[in-house]
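Student: I'd like to learn how to read a protein fold. Can we take it step by step?

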Amino acid sequence: MDKDIKVCKKCVLNSSFPGISFSEEGVCNHCNSPRKEKEKVEMIREDTEAKFLELIKKLKQDRKDTGYDCLLAFSGGKDSTYTLNLLKNKYGLEILTYTFDNGFLSNQAKDNIKNISEKLGVDNIIFEPRIDLLGQMFINAIKNENMYSQAALMRASAVCTTCINFIRYHLLKVCIEKDIPMMIFGWAPGQIDQRSVIMQPNKRFLQKAQEVFTNAHQTVLASHMDKYLLTAKAYDSEDISIPYFVNPLMFNEYDFDKVQKTILELGWKYPDNTDASSTNCLLNTLGNYVHEKRYGYNPYSEEISELIREGKLTREEGLDKLNKQTNRQVLEACLTKLGIKEDDIC
Ligand SMILES: [Zn+2]
């Protein structure tokens with residue numbers, strides 16, 4: 001690491017992280033800002049879960065059919081697997097799991113998806129869009145520094161942001177077409193904002209946000225919109241009913257050991273070729289590598305730092321996680337699959 005780069009004495013954020021400052025003791029402004037008391041956090045958690053239970057009750061009453069209660073974005077990673085188990089065994093929902101295979105899912109993740117779906121008795125759809133199109137979007141995101149805002153890039157690389165957006169708007173189309181009232185994601189604490197835990201977004205707000213994304217990828221998406229995403233005409237339709245977006249891990253106790261124990265018992269297995277931050281996607285390695293080279297910090301550093309501040313990870317474990325980010329072999333396989341060279345991008 002560069003000698004001039006300073007790392008916080010308490011967490012793993014470094015001086016390249018946007019907006020960071022350090023006290024004389026070498027502690028960052030994030031670690032020094034007052035934290036919510038444990039009781040308050042627990043109260044918010046309980047209130048949010050009560051709201052979710054109310055929502056389930058209401059949706060079940062409103063719906064006379066026997067369709068799905070929710071669609072889960074199922075990546076086969078540890079968090080979405082744990083979320084699936086909660087939906088099935090804690091909340092008793094009828095679930096359709098939907099896997100968006102971006103062409104870089106590890107084989108173990110695919111096995112996990114099949115085995116866990118069988119074990120829990122849920123339907124699963126795997127959708128694998130054309131890699132020539134998706135790959136071009138990933139390359140655009142890697143090469144074009146100004147595609148996303150600095151705020152968007154603080155917690156995810158440009159490649160990840162591309163995938164996450166595509167999945168969000170694609171799943172929205174699937175939910176609406178299948179008349180499923182809830183769209184569920186396995187985002188864990190530290191990955192998303194508390195305000196997005198349970199929400200039914202405004203239709204026009206979503207349309208606008210989708211437009212920002214599709215405009216950035218206009219060269220690829222312009223002639224394929226209808227296949228993957230809702231069109232302006234679909235958004236204008238009177239019949240369109242926007243599903244609720246829910247992140248159950250945000251109102252369930254997120255204890256790493258408990259998560260791991262639960263999913264291992266279900267037969268989930270660790271992939272042997274992903275990096276320390278992803279348990280399903282190989283492309284994550286390339287996204288993080290480019291991000292760190294370009295901006296000087298790893299996009300997972302704030303999430304890891306937050307776990308340290310909460311006492312769920314020691315600083316040494318956090319630093320170790322960051323050091324295990326790049327698997328050279330996987331990185332090269334990603335570059336080859338995308339048809340680019342390292343020199344082309346950094
Ligand atoms: Zn810090």
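Tutor: Sure, and let's begin with a rule: two strands pair if DSSP finds at least two bridges between them. Here, β5 and strand β6 (residues 244-246) are joined by two bridges and run antiparallel. Across that pairing, M199 stands opposite F245 in β6. Keep in mind that this is a predicted model, where local features need pLDDT of at least 70, side-chain atom pairs count only at pLDDT 80 or more, and totals for chains, interfaces and linings use all residues. Residues are numbered from 1 along each chain as its sequence is written.

Student: What do labels like β5 stand for?

Tutor: Helices (H or I, at least four residues) and strands (E, at least two) are DSSP runs, numbered from the N terminus.

Student: In what order do the six strands sit in the sheet?

Tutor: Strands of a sheet pair through backbone hydrogen bonds, either parallel or antiparallel. In this model the six strands make an open sheet, ordered β3-β2-β1-β4-β6-β5, with mixed pairing. At the edges are β3 and β5 (198-199), each with a single partner strand, so one side of each has no neighbour in the sheet.

Student: How many bridges join β1 to β2?

Tutor: Strand β1 (residues 70-73) is joined to β2 by four bridges, and the two run parallel. To see it residue by residue, L72 has T97 as its bridge partner in β2, while A73 stands opposite Y98. On the β4 side, two bridges join β1 to β4, again in parallel. There, L72 is partnered with I184.

Student: And how does β2 pair with β3?

Tutor: In the parallel sense, over five bridges, with strand β3 covering residues 123-127. Two places to look are L96, whose bridge partner in β3 is D123, and F100, whose partner there is F127.

Student: Which way does the chain turn between β2 and β3: right-handed or left-handed?

Tutor: Point the strands away from you; a crossover is right-handed if the path from the first strand over the helix to the second runs clockwise. From β2 the chain goes through helix α4 (residues 107-120) to β3, a β-α-β crossover that is right-handed.

Student: Is there a way to tell what's buried and what's exposed?

Tutor: Count C-beta atoms, placed from the backbone: a residue is buried if 20 or more others lie within 10 Å of its own, exposed if 12 or fewer, and partly exposed in between. In β1, both faces are covered, with C70 and L72 buried on one side and L71 and A73 buried on the other. Strand β2 (residues 95-100) has five of its six residues buried, so the rest of the structure largely encloses it.

Student: What about residues outside the sheet?

Tutor: Take three. E302, found in helix α14 (residues 301-309), has 21 C-beta neighbours inside 10 Å, so it counts as buried. L264, in helix α12 (residues 256-265), has 13 such neighbours and therefore counts as partly exposed. D179, in the loop between α7 and β4, has 12 other C-beta atoms within 10 Å, so it is exposed. D179 also has a phi near 55°, a positive value in a residue other than glycine.

Student: Which residues is E302 in contact with?

Tutor: Two residues are in contact if their C-beta atoms, placed from the backbone, lie within 7 Å. Leaving aside neighbours within four places in sequence, E302 touches L13, M154 and R155.

Student: How do I read the angle between two helices?

Tutor: Fit axes as lines to C-alpha atoms, for helices over the stretch in contact; angles between N-to-C directions run from 0 to 180 degrees. Helix α7 (residues 158-177) and helix α13 (residues 283-295) have axes that come within 7 Å and cross at roughly 130°. Under 35 degrees is roughly parallel, over 145 roughly antiparallel, 65 to 115 roughly perpendicular, and the rest oblique. That's why α7 and α13 are oblique to each other.

Student: Which residues meet there, in α7 and in α13?

Tutor: A158, V159 and C160 in α7 meet L283, N284, L286, G287 and H291 in α13. By class, this contact has five nonpolar, three polar and no charged residues. The classes are: Ala, Val, Leu, Ile, Met, Phe, Trp, Tyr, Cys and Pro nonpolar; Asp, Glu, Lys and Arg charged; the others, Gly among them, polar.
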